[in-house]
Amino acid sequence: MLASLQSVLLADTSAQALAHASAWAVFLVGAAMILTGAAGVILLRNPVHCALMLVVTLFGVALEFIDQSADFLAAVQIIVYAGAVVILFLFVIMFLGVDRKEAIAAEPTKLQKPLALLMGLVVLVEILALSRVDHWVGGTPALSGALNGPGDNVQKVGQAVYTGYLLPFEMTAALLVIAVVATVVLSKRAGGAGNDEAGAVVAEESSEVTS
Amino acid sequence: MSVPSAWYLVLAAILFGMGATGLLVRRNVLVMFMCIELMLNAVNLTFVTFARLLNDIGGQVDVLFVLVVAAAEVVVGLAIIVALFRRRAAATADDIHILKG
């Protein structure tokens, strides 16, 4: 009896240790991906390489989401960010033909890089110092539903979105429509107000073709 | 037990600092946009961590809204960049003053 109980306890602790180790492994792999990708975005000269390193960072963030039981958000992160946003970046880079190296030498001010590094360090130290003030957490817990409990993550997110967060959800629909209309207006080529040079170029080209 | 939340928060702070530094260092507008995406992702990671820490689904719902806003922002920002390139074939932030009017 005692021996069987002890074996059950041992199995339980070894399973717990395995879960612990796997959570740490996922965290460390994700952290390595995030930091490598961020360093690549900052340091690489070619914008196409920067966009690809951004994908590495986004996948790392998705790993951290999975590690913290945000399954739905991890899927959305990969679909929306890596699938849509980065593709849009790459499309614009290729479309505009700016996939050449940045002219690093032509700096407007000599002090820009040191000052930027200093500012980045100040931001980092400030965030870390401020967050130590209240030991990371300063709010009241669990107003809009519990994260842990029975049911899937998707189900809980969906219930929160369609009940307590319904008005913000409707507002995102309006925001997306506004963004689509704004994009169409901004990228309208000829005939629009404030687009005279481009229109002139198009007119010249067409007149050359016709003549 | 899983990884303590402080590790995620420190990681998010480092990512935010790297994004802010990149935004200040780089002069290519597209890469500056990517650095803004890095900062948004750091904030998303913080939201998810606090959702776990406080046992509150609201943090994850907020991340969903941040994703929508980021997508809309990228669409409009890239349209502005394309409009900028129509006027002048240069991608540095110093050329944006010509967008006036």
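## Two helical chains, one shared interface

Let's start with chain B: 62% of its 101 residues count as buried. Keep in mind that this is a predicted model. The fold of chain B is plain to describe, with three helices and zero strands, so to speak an α-α-α run from the N terminus on. Its contacts reach along the sequence too: among those in chain B between residues at least 6 apart, 59% join residues at least 24 apart. What chain B still exposes comes to about 3,400 Å², and carbon and sulfur atoms supply 74% of that area.

Now turn to chain A. Here we have seven helices, again with zero strands, following the pattern α-α-α-α-α-α-α along the sequence. Chain A has 211 residues, and buried ones make up 30% of them. Its accessible surface is about 13,000 Å², with 73% belonging to carbon and sulfur atoms. As for contacts in chain A with a separation of 6 or more, residues 24 or more positions apart account for 52%.

How do the two chains meet? On the chain B side, 71 residues are in contact with 90 residues of chain A. The size of an interface is often given as the accessible area lost when the parts come together. By that yardstick, chain B and chain A bury about 7,200 Å² between them, and 74% of this is on carbon and sulfur atoms. Within chain B, the residues that lose the most area to chain A are B:M34, B:I57 and B:R86, which together make up 10% of what that side buries.

What about polar links? The rule finds zero salt bridges across the interface of chain B and chain A, while the count of residue pairs in polar contact, both at pLDDT 80 or more, is eight. As for which parts of chain B do the touching, α1 (5-25), α2 (29-54) and α3 (58-87) each supply at least two residues to the side that touches chain A. Of these, α3(B) gives the most, with 24 residues.

One last stop, back on chain A, is a patch on the surface. A:L111, A:L115, A:L118 and A:V122 make a nonpolar surface patch of about 370 Å². Take A:L115, which sits in helix α4 (residues 112-133) of chain A. Is A:L115 buried or exposed? The answer lies in between: A:L115 counts as partly exposed because its relative accessibility is 46%, and the partly exposed class runs between under 20% for buried and over 50% for exposed.

Notes:
Residues numbered from 1 in each chain as written. Chains lettered and ligands numbered in written order. Predicted model: local features only at pLDDT ≥ 70, side-chain atom pairs only at ≥ 80, totals over all residues. Heavy atoms only, no water. Patch = residues over 30% accessible without salt bridge, like charges linked within 9 Å, V, L, I, M, F, W, Y side chains within 5 Å. Areas by Shrake-Rupley, 256 points an atom, 1.4 Å probe, with all protein chains shown as cover. Salt bridge = Lys/Arg side-chain N within 4 Å of Asp/Glu carboxyl O. Helix = DSSP H or I, 4+ residues; strand = E, 2+ residues; numbered from the N terminus. Buried < 20%, exposed > 50% of the residue type's maximum accessible area, 1.4 Å probe, protein only. Contact = heavy atoms within 4.5 Å. Buried area = accessible area lost by both parts, 1.4 Å probe. Polar contact = N/O pair within 3.5 Å; in protein donor to acceptor, adjacent residues only side chain to side chain.
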